[in-house]
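Thanks for coming, everyone. I have one structure to walk through today. Please bring it up on your screens.

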Amino acid sequence: MKQVIITKQDYNKINRSITDAKARNSIKKEEAEKLLAELKSAKIVDQEKIDKDVVTMNSIVKIHFQNNKTTMEFQLVYPSEADLKQKKISIFSPVAAALIGYRVGDEIDWLIPSGMTKIVIDEVVYQPEAAGDFDL
């Protein structure tokens with residue numbers, strides 16, 4: 001398994017979001033623990049030093065599922081900004097939590113109702129850090 005890379009800002013904001021969500025009971029305990037474990041094992045870097053092909057918060061990412069070649073494009077956002085109609089997926093969703101910190105070309109094992117598949121990151125269409133948008 002590859003090491004996840006996360007910016008200090010994303011690390012801190014995701015941790016705060018989890019703490020807030022736990023206090024409001026708006027995240028399942030298992031999901032919170034899984035995301036926290038992912039964060040704990042991550043390599044933390046400054047925003048200016050993150051590679052532009054890494055999925056960060058507010059990135060727009062294109063993926064496909066190897067089992068059926070279905071493709072998707074969406075933006076990883078904090079829970080308060082989630083809006084499926086605008087293709088904005090909360091970091092608390094399993095697919096967003098699985099992608100954060102991985103890079104273009106990475107394959108992530110994914111359990112779906114019909115069994116195991118792989119998600120492949122095809123492209124980071126937009127990454128705030130690469131675009132110089134450090135205040136998102």
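Which residues does S17 touch, not counting residues up to four places away in sequence? The list is Y78, P79 and F92. Before I go on, a reminder: this is a predicted model. Back to S17. You will find S17 in helix 1, which covers residues 8-23. S17 has a relative accessible area of 15%. The cut-off for buried is under 20%, so S17 counts as buried.

Now the sheet. What is the strand order? It runs 5-4-3-7-6. That is an open sheet of 5 strands, and the pairing is mixed. Strand 5, residues 88-90, and strand 6 are the edge strands, and each of them pairs on one side only. From one strand to the next, the twist averages 45°.

A word on pairing. Strands of a sheet pair through backbone hydrogen bonds, and the sense can be parallel or antiparallel. We have examples of both here. Take strand 4, residues 71-77, with strand 5: that pair is parallel, over 3 bridges. Within it, V77 has S90 of strand 5 as its bridge partner. L76 stands opposite I89, again in strand 5.

Now strand 3, residues 60-65, with strand 4. This pair is antiparallel, over 5 bridges. Look at V61: its bridge partner in strand 4 is F74. Strand 3 and strand 4 form a hairpin, with 5 residues between them. In that turn, K69 has a positive phi of about 60°.

Other positive phi values deserve a look. K87 has one, about 60°, although K87 is not a glycine. K87 sits in the loop between strand 4 and strand 5. N25 is not a glycine either, and its phi is positive at about 55°. Where is N25 found? In the loop between helix 1 and helix 2. Is N25 buried or exposed? Exposed, because its relative accessibility is 69% and the cut-off for exposed is over 50%.

Next, I119. Please find I119 in strand 7, residues 115-126. Its relative accessibility is 0%, so I119 counts as buried. What does I119 touch, leaving out residues up to four places away in sequence? The contacts are I63, H64, F65, V95, L99, D106, E107, I108 and W110. One distance for the same residue: from C-alpha to C-alpha, I119 and E38 are 17 Å apart in space. In sequence, the two are 81 residues apart.

Last topic, the largest pocket. How much space lies in the largest pocket? About 510 Å³. The lining has 20 residues. Which of them lie nearest the centre? Those are K34, P94, A97, A98 and W110. You have met W110 already, as a contact of I119.

Where does the lining come from? Helix 2 (29-40), helix 3 (94-99) and strand 6 (107-112) each supply at least two residues. Strand 6 gives the most, with 5 residues. Recall that strand 6 is also an edge strand of the sheet. By residue class, the lining divides into 13 nonpolar, 1 polar and 6 charged.

To recap, then. The sheet is open, with 5 strands. S17 and I119 are both buried, whereas N25 is exposed. And strand 6 gives the most to the lining of the largest pocket. I'll take questions now.

Notes: Residues numbered from 1 in each chain as written. Predicted model: local features only at pLDDT ≥ 70, side-chain atom pairs only at ≥ 80, totals over all residues. Heavy atoms only, no water. 1 Å grid on protein atoms, 1.4 Å probe; cavity = no way out; pocket = protein on both sides within 12 Å on 5 of 7 lines; lining within 4 Å. Points joined across faces, edges and corners; volume = space filled by probe spheres on them. Helix = DSSP H or I, 4+ residues; strand = E, 2+ residues; numbered from the N terminus. Nonpolar A, V, L, I, M, F, W, Y, C, P; charged D, E, K, R; others polar. Pairing = 2+ DSSP bridges. Axes fitted to C-alpha atoms, helices over the stretch in contact; angles between N-to-C directions. Buried < 20%, exposed > 50% of the residue type's maximum accessible area, 1.4 Å probe, protein only. Contact = heavy atoms within 4.5 Å.
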